[in-house]
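User: Please guide me through this structure, and explain what each descriptive term rests on.

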Amino acid sequence: MKQKSVDRLFEIMDALAGPLTLASKDNFSRLPNIKGLEGLVTGLIQEAIPLSSDPSIKAKLRALQENFAGFEEITGREKEERLGKGKGLLAEMRGALDSFKGTGQPSCEEEIAQVLRSPMQFVKGVGPKISQLLKKKGIETVEDALYNLPIRYEDRRQIRRIADLTTGDRCVGYAEVIAAGEVVYPKSRRRVYEAILGDGSGFITAKWFQGIQYIRGRLKKGDRVIFCGDIRGYRSQKEIHHPDLEWAEGTEGDSLHFGRIVPVYSETEGLYQRRIRGIMHQVVQNAALKVTSSIPPQVSARCNLMPLAEALCEVHFPQAYLDIEQLNRKTSRPHQRLAFEEFFFLELGMALRRRGNAQEEGIAFQTGRSASAERLLENLPFTLTKAQERVLEEIKGDMAKTHPMNRLLQGDVGSGKTVVALVASLIAIDNGYQAALMAPTEILAEQHYLNLREWLRGLDVRAVLLTGRIKGKERDELYRAITEGEAQLVVGTHALIQEGLSFKRLGLGVVDEQHRFGVMQRARLKRKGAVPDLLVMTATPIPRTLAMTLYGDMEVSVLDELPPGRGPIVTRVYREKDRGAVYRTVAEEIAKGKQAYVVYPLVEESERMDLRDATQGAQRLQQVIFPDYRVGLIHGRMKGEEKERVMKAFREGAIQILVATTVIEVGIDCPNVTAMVVEHAERFGLSQLHQLRGRIGRGPHPSVCLLLVAPRLGKEAWRRLKVMEETLDGFRIAEEDLAIRGPGEFLGVRQWGLPDLRVANLIRDVRLLQQARREAFALIDQDPQLGREEHRSLMETIRARWQEKLELASVG
């Protein structure tokens, strides 16, 4: 077999391995969202078969193709089995292909890759049973384990005697459990689990106020434990509340668990600290020193980077010279080295995507004059804000260029993003192209359509609405109008990106509420045209440091001014005991002829329970609290016609109080609503609450947002919610939200089409991010395609980190 064919076959193996690994990760949790796997496998294998002269490799390729035949139609369990078989066939083919390399031996890089891809089951001391427990924690391969970093570190170089422990200090001790059991305090009737710990020098009482059942099942008289926590004093006795415990099996001379800075990993049922630490030590000893980085030596020298292998060893089992506080803050030198590695390849991918977009041939629109846009602005019952005018000029500048626009429009709820998008759409239409506006929900798509149709009255522009519930002849007619170009502005949901729909001449794609769409959906919308411009709108205020990463390949516009004539919004946080005051406030607003929302959280994991809460809440409000008013209910599970009927009644004032799940977070625009009650407000992120709040105060009247929280709410959660009382500034709220919840939960970073960050933190490590960004973008300026021989391994790493995401070169 020719070397060129062997190299291409390895590339095909990599291209197949990425999606199969992604689909299998986290116990197949992403499998329901992965589409088109059969087509991808078939296409790549049909290319691979002619390249191979080896009958056994050809047979395996055909077996792999058969394995994925009809994959889209089969059930979840069968899909999992086929994915496992597919990964096995790929591994066998890689082994067979190795013999066709120059020496017949795997290359150094391939040997390292094989070690990192090794299943944890085959690590010494693991085996099938423990590998299943590790899998629950997302650890399936040696590489997963290497990046399963300690959650904290304990300084066990000095284990202190109980007699020497001082109140107020955080200490580590070693003791025997003298007695343990549950007690009930007579006055409060509170149940507490207590254990007396002794080490010959004295005694200390460990107490647990929560998690009693868990600790009762594990802690027994005679156990030897290492305990760590803050020492308290109570009536001359020493106490430690909810200490971190580790069961000691050996003696204090055990070098892995004592006499050093010790890593502490997150546990899972049946797999506890000492066992995990032993496994991690085995992995680090066998694999960490073999790991190399493809970051160019000159970058490493400029940024003073320690070797990657050394960083991996020290982040798990730190040397004595490392500072314990820096380790626990994740700002130690090994932590920073690993974070830089992630940021560098993240930003390198961004730089490549941005360069790819700049080189793509697009539509150069004539933006000087647009008769339709000018007539629209004359007809509108309001004038544009200065911010809207500024952003429109930025968009026009992009649309006039010869490469496709790839711009993000960021603005608070009610800042007027839709009007801006409509003006851009009319410019495209006046140039002879079509425009499409894609929204995440039917309610929002319908709301947009109704608003646009009103604004377009008197203009010679045909706008249509396409959602999933439009079927049969009506849908066929819409498809025909879009395909033949009669429909100039198409508003819709995911129905816009279905396979059967084609546009005659799509020139502009607008995606509303960016964080609700994955990058794949945005890519599919772009593919509906040759190279249409893309405008992405979001009401989630993103702090600048995070925006730099998330939109590193996009231009960003910000609408930082609300239209005049909006009434002020006051926000108040109430505990459950004050529910009566909340209802009185709502009653006062309704007595003035206004309306109110009552919002319940809807979390996927507990969707049925949440819907029940909302349904029962609506019944109680109607029958007990507000019998003289009409209460309506709307939630995402309702059919489109039913939702529209409820919304119509609410808009017309026939319903005074609308109970809703978070479907109103985006898409309902009723200026007469001046009160909002949010149930279980502690279950929402601050940015989500801010967006919900943006649904009131749309008219000139003052509005009130009332946040109801659980009876027992911690101080930190209460402080967090009080931020909502203090400010209406979405950016300040987003900063607070981001600091509390982290970028992953804040945005669902995976949806942005970014590689996962396993070590780096976009908030804590912002200085490193900026440094890595400078280095990555400078490198792409020097070698735009990473085509130089010395950058070959960089490109391979990029492909592995970004997988298929780099192919979406011009999609944000």
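Analyst: A pairing makes a suitable start: Ala-206 stands opposite Ile-240 in strand S6. Strand S6 covers residues 237-241, and three bridges join strand S4 to S6 in a parallel arrangement. The model is a predicted one, in which local features need pLDDT of at least 70 and side-chain atom pairs count only at pLDDT 80 or more, while totals for chains, interfaces and linings use all residues. Residues are numbered from 1 along each chain as its sequence is written, and side-chain values use heavy atoms, with hydrogens and water left out.

User: What makes S4 and S6 a pair?

Analyst: Two strands pair if DSSP finds at least two bridges between them. S4 and S6 have three bridges, so the condition of at least two is met. Strands themselves are DSSP runs of E with at least two residues, whereas helices are runs of H or I with at least four, both numbered from the N terminus. By that count the protein has 28 helices and 21 strands.

User: How is S4 joined to strand S3, and what lies between them?

Analyst: Strand S3 (residues 191-198) and S4 pair in the antiparallel sense over six bridges, with Gly-198 opposite Phe-203. The two strands form a hairpin with four residues between them, and Gly-200 in the turn has a positive phi of about 95°.

User: Why is S4 called mostly covered?

Analyst: A residue is buried when its relative accessible area is under 20%, exposed when over 50%, and partly exposed in between, using a 1.4 Å probe and protein chains only. In S4 (residues 203-208), five of its six residues are buried. Across the 812 residues of the protein, 53% count as buried.

User: Why does Ser-415 count as buried?

Analyst: Its relative accessibility is 1%, which is under the 20% limit and therefore buried. Ser-415 lies in the loop between S9 and H16. Leaving aside residues up to four places away in sequence, Ser-415 touches Gln-388, Leu-559, Glu-561, Leu-562 and Pro-563; contact means heavy atoms within 4.5 Å.

User: Which strands stand at the edges of the seven-stranded sheet, and what makes them edges?

Analyst: The order of this open sheet is S11-S12-S10-S13-S14-S9-S15, with parallel pairing. Strand S11 (463-466) and strand S15 (555-559) each have a single partner strand, so one side of each is left without a neighbour in the sheet. Neighbouring strands are turned by 20° against each other on average, direction ignored. Five bridges join strand S9 (residues 406-411) to S15 in parallel, and the bridge partner of Gln-410 in S15 is Val-558.

User: What is the order of the sheet with six strands?

Analyst: That open sheet runs S16-S21-S20-S17-S19-S18, and its pairing is parallel. Its edge strands are S16 (569-575) and S18 (631-634), each pairing on one side only. Strand S17 (residues 595-599) and strand S19 (residues 657-660) run parallel and are joined by four bridges. Within S17 and S19, Tyr-597 stands opposite Leu-658. Helix H24 (residues 686-693) packs on the sheet, touching S16, S17, S20 and S21, and its direction makes about 155° with that of S20. Seven of the eight residues of H24 are buried, among them Leu-686, His-690 and Arg-693.

User: How do you describe the packing of H14 and H16?

Analyst: Two packed helices are described by the angle between their axes and the distance between the axes. Helix H14 (residues 371-379) and H16 pack at about 145°, with axes 7 Å apart; axes are lines fitted to C-alpha atoms, for helices over the stretch in contact, and angles run from 0 to 180 degrees between N-to-C directions. On the H14 side, Ala-371, Ser-372, Ala-373, Leu-376 and Leu-377 meet Leu-422, Val-423, Leu-426 and Asp-430 of H16.

User: What lines the second largest pocket, and which residues are the closest to its centre?

Analyst: A pocket is an open set of points on a 1 Å grid over the protein atoms alone where a 1.4 Å probe fits, with protein on both sides within 12 Å along at least five of seven lines; lining residues have an atom within 4 Å of a point. The second largest pocket has a volume of about 880 Å³, volume being the space filled by probe spheres set on the points, which are joined across faces, edges and corners. Of its 33 lining residues, the closest to the centre are Asn-451, Trp-455, Arg-566, Asp-669 and Arg-698. Helix H17 gives the most to the lining, with eight residues.
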